[in-house]
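This briefing goes through one protein model, topic by topic. It is meant to be read beside the sequence and the coordinates.

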Amino acid sequence: MSPSLFNFVEAKDKFTTSAKHALTGKTGKHLVNAFNQIPGSETEKKTTLDQALRGVLGDQIVEQKSSCDDYLSLIYLSIDSVTEGICSATTPFVLLGDVLDCLPLDQCDKIFSFVEENVSTWKSNSFYTAGKNYLLRMCNDLLRRLSKSQNTVFCGRIQLFLARLFPLSEKSGLNLQSQFNLDNITVFNKNEQESTLGQKNTEEKEDGMEVEEGEMGEEDAPAPCSIPIDYNLYRKFWTLQDYFRNPVQCYDKFSWMTFVKYSDETLAVFKSYKLDDMQASKRKLEDLRASGGDHVYFAKFLTSEKLMDLQLSDSNFRRHILLQYLILFQYLKGQVKFKSSGSVLNDDQAAWIEETSKLAYQLLREIPPDGDKFATMVEHILGTEENWNSWKNEGCPSFVKERTVDDKPKRPARKRQAPEDFLGKGPDRKIFMGNDELTRLWNLNHDNMDACKSESREFVPSLDDFFSEAIEQADPANMVEDEYKVVRNPNYGWRALRLLSRRSPHFFQPTNQKFKSLADYLDSMVSKLAKELPKDIPCEEIKTGEEDDDDNGDNLLKDSNDSPSMQNKMVSNQQMDDVAAKLGARWKTLATHLEMKAAELREIETDSEDVDMQAKLLLVAWQDREGNQATVENLAAALNVAGFSQMAETLSEG
């Protein structure tokens, strides 16, 4: 007689009735009894009970229970069911997700308090593996519903819960590649024509700062601010937020110049106009505490021009900006594993950051109330961040202390047979490998390490022997055509790269040069190696590709009489000065043909008002962008196309 089929609908109805009785009696015995009485496999009954519990929760949500206790009672019942083995381990997390998705935020706060209190339960062996992904998804969904400005504390509680739930080495929460939130864009008025700052000053002079009666009380009226606010200060101040959002652009030469200029002006305002009168802030803080609030409201930056004077007079706002500076400086100075090779500060930049950091800490100490205490706390937090950064650079090693040999329980030592007992003793010992040929090979040398270090096993050639022919062919005096050089042979190029990676430090040095082919790269490496080879190899005529201060951008190889020198000749500083002096106010015409971006042109106009200096900055920006392609030939071609034929001819002759 075949077994009867499992009746899902009937089993679900019985489980639903038993679950409601269990909630009323506050005991899970009804569910256990029903589970044992219903026929069917254990998997079928567990799946059915999961659906029944979810259906009971759906009925509670439809009834719109005013209290969260009914929801929590059902979740407690599901936890007990998992412990009894009659319910799937994922069911409590599914129920929590359904509750948080359907309830308003004020009730979600109470439900999440239950989640926080039971973190030890979620980390137990019965629940962690099955529920960690559910909890992570639940918290992320909840964070998307919350406002980071209005629900700051709730968002922080969720982050702390995740930090307690997952181990420190959890890769998903470490930002190992040091990525930035580039979507955090601060929007402000970039059109000076639409600015209200100039209109505001005019209206204040004409109207005598009249305020309508009843518009603002005496206690609520802000103290008159003595900080002169104009559109230039407004624009420069909010432009700095783009550098705080993406610090990598500070390594760009022109972006750094703009950042330094705007920062000096902003910090000069902070330094000149200090906050001394804090009576109004103290009254506001007392009113906030009296109304039951215990934290400050952190909003996304409000960039209205009408609020600029009030913002600069607010202590919390100033602290926010100065802290952004310190965080930015810590990143620029720090050793980050995933920084590119070009992200390096020069001595002048490092000195400016050091000086500005001291100024930022000084300004923090001068901001009331408790300026010294706040600055000390910030310094301590940033010091802690350095430790975390070092930990991430080391690959995030585990904080769990491994048990050493001394910590393990000692067992009685077992005497092992010494190798000499079965291999023989003395220099004439012979090891038998079970085959005559293997025995002969194994006993060629009694010390295998010495055999591996033998000179006869060295098959990698030296740099001198391998590149001697290439260096000789690179000498212009030998007049070897490019197509016949060994560096043009792909087989030779592959072996050259292998050898350079094993023997030459030049292979790992970063460079800004761009090579069109492997042969061009090997030509550059040959010129560098020529300086390091013995004197008997003819390399006097070969020059390195590195620019020397006295050469003013000479070629990679010394030009012969038969080769055109203008093709690879770099533009010197004197030539750029001469061209800039002749261009003057017409530099924008050349900028179009040099393919300069509009943003770069605005930066040039901002950095200097002198037209000759603007022309020089244009050529410097072009040279930095082109690198090895900033040749006399390319600049002369651009001058010809722009209509400056005489300047191009003079440049070519020079």
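Among contacts in the protein chain between residues at least 6 apart in sequence, what percentage join residues at least 24 apart? The value is 68%. The model is predicted, and its 654-residue chain has 35% of residues counted as buried. The chain holds 29 helices and 0 strands.

**Confidence**

- Mean pLDDT for the protein chain is 79, with 81% of residues at 70 or more.
- Over residues 205–225 the pLDDT is below 50, and this stretch has 7 contacts in the model beyond near neighbours in sequence.
- Residues 537–567 also have pLDDT under 50; the model gives this stretch 51 contacts beyond four places in sequence.
- Among the elements of the chain, the highest mean pLDDT, 95, belongs to helix 16, and the lowest, 51, to helix 13 (residues 279–290).

**Nonpolar cores**

- The largest nonpolar core consists of 51 residues, and I111, W122 and F161 have the most contacts inside it.
- Helix 4 (residues 69–84) is the main contributor to this core, giving 7 residues.
- Leaving aside residues up to four places away in sequence, W122 touches I79, F93, L96, F114, V115, F127, Y128, L135, F161 and L165.
- Another core lies apart from the largest one and has 47 residues, among them C250, F270, L322 and L332.

**Cavities**

- Searching the whole structure gives 2 cavities of 30 Å³ or more.
- The largest cavity has a volume of about 60 Å³, and its lining is made up of F270, K274, L275, R318, L322, L363, E366 and I367.
- By class, that lining has 5 nonpolar, no polar and 3 charged residues.
- Helix 15 (315–333) and helix 16 (347–366) each supply at least two residues of the lining of the largest cavity.
- F270 and L322 line the largest cavity and are also among the residues of the 47-residue core.
- The second largest cavity holds about 30 Å³ of space.
- A470, Q473, A474, K485, V486, V487 and D523 form the lining of the second largest cavity, of which 4 are nonpolar, 1 is polar and 2 are charged.
- Helix 21 (residues 463–474) gives the most to the lining of the second largest cavity, with 3 residues.

**R319 and the loop after helix 16**

- R319 is in helix 15 and counts as buried because its relative accessible area is 11%, under the 20% limit.
- Beyond four places in sequence, R319 touches L364, I367, P368, P369, D370, G371 and F374.
- R319 and G371 are 52 residues apart along the chain, and their C-alpha atoms are separated by 9.5 Å.
- P368 and P369, both touched by R319, are joined by a cis peptide bond with omega of about -5°.
- P369 is in the loop between helix 16 and helix 17 (371–393).
- D370 is placed in the loop between helix 16 and helix 17, and its phi is near 55°, a positive value in a residue other than glycine.
- Is D370 buried or exposed? D370 counts as exposed because its relative accessibility is 56%, over the 50% limit.

**C396**

- C396 is located in the loop between helix 17 and helix 18 (419–423).
- Although C396 is not a glycine, its phi is positive, at about 55°.
- C396 counts as buried because its relative accessible area is 7%, under the 20% limit.

**Two buried serines**

- S81 is part of helix 4, the helix that gives the most to the largest nonpolar core.
- S81 counts as buried because its relative accessibility is 3%.
- Outside residues up to four places away in sequence, S81 touches L31, I86 and C87.
- S504 is in the loop between helix 22 (490–503) and helix 23 (518–530).
- S504 counts as buried because its relative accessibility is 3%.
- The contacts of S504, not counting residues up to four places away in sequence, are with L463, L499, M525 and L529.

Terms used: Residues are numbered from 1 along each chain as its sequence is written. This is a predicted model: local features need pLDDT of at least 70, side-chain atom pairs count only at pLDDT 80 or more; totals for chains, interfaces and linings use all residues. Side-chain values use heavy atoms; hydrogens and water are left out. Helices (H or I, at least four residues) and strands (E, at least two) are DSSP runs, numbered from the N terminus. Buried means under 20% relative accessible area, exposed over 50%, partly exposed in between (1.4 Å probe, protein chains only). Contact means heavy atoms within 4.5 Å. On a 1 Å grid over the protein atoms alone, a cavity is a set of points where a 1.4 Å probe fits but cannot get out, and a pocket is an open set with protein on both sides within 12 Å along at least five of seven lines; lining residues have an atom within 4 Å of a point. Grid points are joined across faces, edges and corners, and a volume is the space filled by probe spheres set on the points. Ala, Val, Leu, Ile, Met, Phe, Trp, Tyr, Cys and Pro count as nonpolar, Asp, Glu, Lys and Arg as charged, and the others, Gly among them, as polar. pLDDT is the predictor's confidence in each residue, from 0 to 100. A nonpolar core is a set of buried Ala, Val, Leu, Ile, Met, Phe, Trp, Tyr and Cys residues joined through side-chain atoms within 4.5 Å.
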